[in-house]
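Please look over the entry below before reading the briefing that follows. The points are grouped by topic.

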Amino acid sequence: MRTALTALRTFFRSRRLARPALALVGGVSLVGIAKNTCQAEMKPAAVEMKNVFPSEVMEKQNLHNLMKYSDKKGNISLEFFTMAMNELGVHNSEVVQSFFRTLDTDGNGSVSFEEFVAGIAAIGSDTAEPLSRLKFVFDSCDLDGNGVIQKEELRKMIHALLVTRENLWMYERRSEIDRDLEKEFQQRSLAIDLEMNTFDEWHKAVLIRQNDEEEEEYGANLGVTAADTDPLDKARSERMQQIYASFPHLKGKPLNVCLASLAELFSSHILSEADLNKDTVITFDEFAKWADKGTKDAEFLFSLYKDFQIVEPQIERTYITDEYDTLWCL
Ligand SMILES: [Ca+2]
Ligand SMILES: [Ca+2]
Ligand SMILES: [Ca+2]
């Protein structure tokens with residue numbers, strides 16, 4: 001078990017997310033994110049947020065998504081919070097509600113901008129105050145809010161965090177691929193005199209092929225080989241290979257099975273480490289002692305929270321034509 005856990009930690013720690021760890025509420029949609037956001041209006045909370053977070057964070061985060069889920073004052077209801085979490089791939093209502101309850105510190109049924117910032121500050125920054133961080137992680141893992149963490153609660157939470165992380169990873173690959181495709185299109189369109197002259201048409205040709213004939217035709221025109229016509233599939237497959245390499249016992253299993261298995265493994269291990277009096281539950285005191293040891297397992301659990309983001313990163317996209325711009329913003 002020890003070897004597998006070490007591999008687990010190394011594996012997930014080695015995967016740096018390209019953007020800052022601070023999280024703002026929003027949603028991750030794996031397709032065409034930019035289209036939701038182009039013409040959104042900035043709400044006061046988002047403006048205020050600019051004063052709270054460092055500019056380099058703000059530059060890379062998409063404020064418009066906070067607006068998508070909050071009212072004008074920046075308050076987020078459970079309903080909208082659930083939508084945001086669903087978009088991240090978190091569908092377990094116990095996990096969603098626990099996160100919401102943990103953020104809603106005054107318990108009035110909505111997460112205010114201030115509460116949100118405080119929650120994010122507790123888990124998302126390098127300089128987070130240790131006790132707030134500890135409390136946030138403990139409270140959110142205590143899904144039913146009865147003051148102790150059971151193994152099943154821990155498993156569900158870790159699973160949700162792993163799923164989120166994978167979705168964000170895929171989202172980032174998708175963004176990278178879109179950027180690469182666009183760059184490639186620009187280069188190739190300079191070299192080849194093509195009738196189709198918008199990135200959108202080319203993108204369609206490469207990714208949304210109607211049939212093999214079309215693929216061949218476009219491929220021949222563009223010098224694109226079959227092997228590189230679906231970069232997202234390729235990225236996905238590479239990702240699975242990485243997981244299998246780190247966890248040989250999961251070889252051949254689909255991603256959801258792998259994540260479920262890892263959540264089980266990791267939660268069992270944390271329970272065995274932290275439950276000092278062996279009564280099958282972890283109290284806050286036990287949790288604090290466990291975290292205080294600064295073990296790699298604790299570090300790993302906290303790192304899952306730190307990377308947890310409920311905002312989509314901003315896509316820095318240079319639109320090629322007005323027509324294309326309009327298409328995406330509809
Ligand atoms: Ca509140
Ligand atoms: Ca509990
Ligand atoms: Ca105990």
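What share of the contacts in the protein chain with a separation of 6 or more comes from residues 24 or more positions apart? In this predicted model, residues 24 or more positions apart account for 71% of those contacts. The protein chain has 330 residues, of which 49% count as buried, and its secondary structure comes to 17 helices and four strands.

**Calcium ion (ligand 2)**

- The protein donors of the calcium ion (ligand 2) lie 2.2 to 2.5 Å from it and comprise Asp-142 (OD), Asp-144 (OD), Asn-146 (OD1), Val-148 (O) and, listed twice, Glu-153 (OE).
- Along the sequence, the donor residues of the calcium ion (ligand 2) are spaced D-x1-D-x1-N-x1-V-x4-E.
- The arrangement around the calcium ion (ligand 2) is irregular because its six donor atoms subtend angles of 52 to 156 degrees, whereas an octahedral assignment would need every angle between donors that are not opposite to lie between 65 and 115 degrees.
- Among these donor residues, both Asp-142 and Val-148 are buried.

**Calcium ion (ligand 3)**

- For the calcium ion (ligand 3), the protein donors are Asp-275 (OD), Asn-277 (OD1), Asp-279 (OD), Val-281 (O) and, again listed twice, Glu-286 (OE), at 2.2 to 2.5 Å from the ion.
- The donors of the calcium ion (ligand 3) follow the spacing D-x1-N-x1-D-x1-V-x4-E along the chain.
- Six donor atoms surround the calcium ion (ligand 3) and subtend angles of 53 to 154 degrees, so the arrangement is irregular.
- Asp-275 counts as buried because its relative accessibility is 4%, and Val-281, at 15% relative accessibility, counts as buried too, the cut-off for buried being under 20%.

**Packing of helices α15 and α16**

- Helix α15 (residues 284-292) packs with helix α16 (residues 296-306) at an angle of about 105 degrees, their axes being 8 Å apart.
- Because of that angle, α15 is roughly perpendicular to α16, a class that covers 65 to 115 degrees.
- On the α15 side the contact is made by Phe-287, Trp-290 and Ala-291, and on the α16 side by Asp-297, Ala-298, Leu-301 and Phe-302.

**Helix α6**

- In helix α6 (residues 78-87), the buried residues are Phe-81, Ala-84 and Met-85.
- These residues cover an arc of only 95 degrees around the axis, and therefore lie on the same side of α6.
- Gly-89 follows α6 and has a positive phi, near 100 degrees.

Definitions and conventions. Residues numbered from 1 in each chain as written. Chains lettered and ligands numbered in written order. Predicted model: local features only at pLDDT ≥ 70, side-chain atom pairs only at ≥ 80, totals over all residues. Heavy atoms only, no water. Donors = N, O, S within 2.8 Å, 3.2 Å for Na, K, Ca; no water. Tetrahedral: all angles 85-135°; square planar, octahedral: opposite > 155°, others 65-115°. Buried < 20%, exposed > 50% of the residue type's maximum accessible area, 1.4 Å probe, protein only. Helix = DSSP H or I, 4+ residues; strand = E, 2+ residues; numbered from the N terminus. Arc of directions from axis to C-beta. Axes fitted to C-alpha atoms, helices over the stretch in contact; angles between N-to-C directions. Parallel < 35°, antiparallel > 145°, perpendicular 65-115°, else oblique. Contact = heavy atoms within 4.5 Å.
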